[in-house]
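Please load the model in your viewer and have the selection panel ready. We will go from stop to stop together.

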Amino acid sequence: MHHPLSTLTSLVEQIARTQDPTAMMSTIVQRLSELLNVEVCSIYLCTPERDSLILAATQGLSPAAVGHVQLAVNEGLVGNIAGTLSAVNLADAPADDRFVYIPETHEMPYHRFLGVPLLHLRKLVGVLVIQGHQREPFSEEDEAFLITVASQLGSTLYQLHRDGEWMSDVQDISPFRRYRGVKGASGVGCGRLWLVHPQLSLADIKPSMTSNPAQQKSDFMDALSSVKEELESGSGRLGKHLPSDVSALFHVYQLMLQSPELSDGVKQLITEGASAEWALKQTIEGMASLFEQSDDPYMKARSEDIYNIGQRILNQLLERDQQVLEAPDEPLILGGELISIADLAAFPQERIQGLVCTSGSTLSHTAIVANALGIPAVMGVEGVELEQNRGAKVIIDGNRAECIINPPQALLTEYKRMIDQENRVMRDLERLRNMPAETLDNVRIQLHTNTGLLADATPGLERGAEGVGLYRSEIPFMVHDSFPTEQEQYRIYVNVLKAYSPLPVSMRTLDIGGDKQLPYFEINESNPYLGWRGIRFTLDNTQLLVTQIRAMLRAHAECGNLKLLVPMISRVDEIIAVREILDKASEALKRDGIEIPRPQVGMMIEVPSAMLLLPKLAQHIDFVSVGSNDLTQYLLAVDRNNPRVSNLFDNMHPAMLVALEQILTTCKSLGLPVSLCGEMASDPVAVLMLIAIGYDTLSLSAYNIPKIKLLIRSVRRADLMPLLEKARDCTDESQIRALFEPVLVKLGWSKDGRQPPEDSSAA
Ligand code: PEP
Ligand code: MG
């Protein structure tokens, strides 16, 4: 392509005549895209602080993205050009490691990419980019021309950059911020931020006296009974959706409300002259401190519940607890430090579109309940000023663990489109519910579900799960107030087995320790992931394991579809010990007249030693389930919950590929069925690799089943095999991902697989 310099001169002259900055930049991108015959031409300008770049004009990308797409220096390809001050010319931008997909640009279909820095007197002004559909780099001639254009435009645009006037032109100034947290529950929701805790807290109450103790006592008693009623109706409302274990937590609150220490304590202080609020504050603090002094960690933790109850009574007293009534009748995102189950119950469930909590983790009660109710949630979000953003529009992206405050209209529209698309895909995929997860070249993959709460059971079945690949039995233990009895456990297990019967249910024995703590049995260790965890803990607390196994066996006697799964096996003697306990429990139950069919016994491969000892373990087990979360953690020595090393945690690390292939080959040679149940089975890029390796049973959250089924039905395993061949030569995970990602992009998915194609009807 020949680019006469005369054309360039005329372009610059034309620009010089244009006064309005927005019009000037529009002219540049429009004329350049014509001159270079490219689909996209965009200008990104530096913010006055020079720490990020904003899309200032574009021909070809979504116009709605102008002024709203912002990339930090060194973020994405554009940020990289700004950081290195050098040109980038690529045949396939989405396949590049530095590429960041920004949904609101709609840039997915473009492959070739050429970007050059815009400089004035060696200072960065912005970045000029051209993009096109073809998958080949731009010619050297194009590159030279764009660099020349950029050098001419640099000084013109510098003017705009310096006075920052363009920004107000292209951008509504709103404090748009993204915050990262920890995944609570998957899914995406938009709504208005509604704080669940009122501004005035118990801690703010100052000493005050009353001259009318009778009135104050009556106000206090009214407040107390309002809170009681509120909890009763809340528990009733949520009770339809929650398993009995969770509803039981309401009971704890009720008991506290009824305690004479509370009502008598407050009334006594009022009699002595204190106002109701001041009397309440002193009584609650007194009760909480008794719990805080306890040596028992469970009792210690109850002080939080006391404060919670105290706050609710205070709200009633001050008539501030109009929040539910006052909350606008529109979709809401509930925010707070931690949102208690009682808070959740106070709002009509259909209005809650998401949760954002400034503390808590994936396994906190709030996250567990959000998961069970299908509400997207992000936990442990640091730095977010919820108070200052009351009433703001908020997006909760539970898939990326992100909370976006004041999203620009374009982003909001894009997310709403994603939610609609997701709903459409889900509706669409109902059609696939009874169809097999089978590749185009007839490789059948079994899709099972991971569950933990009873309320989880139905979504799995509704989404076509062919069984439960992982029932995390620790979750019912976590929402309980003490170790559940054999009878309580039996009731829970029999419900799960019944719901899925005759489909198989792999129930895992208690896996606590690590990041999974029971509120009533704290384990304090300096290195908990390498400590008293999973089977090590339960074998040392034999009675717990015996009780659990008995409860599972009794449920199995009734339903016949139990598969017993043992977590964290690292030694042969561990599985032998479990088998002995199982045999003894069966014999004991038989003596009681309960005939138990022998359940299959399997083990998780999470610890590298279990993988290496497979041939020796094989004679003691009937099946194997790969826990890719922990296997990655232990193989790579990367803490799965530490954000500081999260960039190193990737299931597609080359060592994981070696391990996964070795496990499958060994299991095949030993005739052991093998499945995989970690988060890897929900990651579309990883699923492509797993299919190629030969994994034919995957277990994942019910939420992700339809998407993964869609993917499986869209690919041919034979096409993935050459990629696997190449992956074996890769030295890091990004190279492996780069091999499989283009398969998704070609099928119309986003590169990381988070967004399936809009039109999924082909599968
Ligand atoms: C795993 O480790 O991959 C797994 C499924 O178990 P969990 O996430 O419960 O540790
Ligand atoms: Mg695990």
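The tour visits two sheets and then the ligand.

Before you select anything, note that this is a predicted model, where local features need pLDDT of at least 70 and side-chain atom pairs count only at pLDDT 80 or more, while totals for chains, interfaces and linings use all residues. Residues are numbered from 1 along each chain as its sequence is written, chains are lettered from A and ligands numbered from 1 in the order in which they are written, and side-chain values use heavy atoms, leaving out hydrogens and water.

**Stop one: the sheet with E1**

Start with strand E1 (residues 40-46) and strand E2 (residues 52-59), which pair in the antiparallel sense over 6 bridges. Helices (H or I, at least four residues) and strands (E, at least two) are DSSP runs numbered from the N terminus, and two strands pair if DSSP finds at least two bridges between them. Zoom in on isoleucine 43 and you will find its bridge partner in E2, alanine 57.

Now widen the selection: the open sheet has 6 strands in the order E3-E2-E1-E6-E5-E4, with antiparallel pairing. Strand E3 (70-72) and strand E4 (88-90) are at the edges with a single partner strand each, so one side of each has no neighbour in the sheet.

Next, show helix H3 (residues 76-84), which lies across E1, E2, E3, E4, strand E5 (112-120) and strand E6 (123-132). H3 runs at about 35° to E5; axes are lines fitted to C-alpha atoms, for helices over the stretch in contact (heavy atoms within 4.5 Å), and angles run from 0 to 180 degrees between N-to-C directions.

**Stop two: the sheet with E7**

Move on to an open sheet of 8 strands, ordered E7-E14-E13-E9-E10-E11-E12-E8, with mixed pairing. Its edge strands are strand E7 (177-180) and strand E8 (182-185), each pairing on one side only. E8 pairs with strand E12 (residues 377-379) in the antiparallel sense over 3 bridges, and alanine 185 stands opposite alanine 377 in E12.

**Stop three: ligand 1**

Which residues are the closest to ligand 1? Select Arg472, Arg508, Lys516, Asn629 and Arg640, the closest of the 15 residues that surround ligand 1, with a heavy atom within 4 Å as the criterion. A polar side-chain atom of arginine 472 lies 2.8 Å from an oxygen atom of the ligand, and a polar backbone atom of serine 628 is 3.1 Å from a ligand oxygen. H23 gives the most to this shell, with 3 residues.

Definitions and conventions: Polar contact = N/O pair within 3.5 Å; in protein donor to acceptor, adjacent residues only side chain to side chain.
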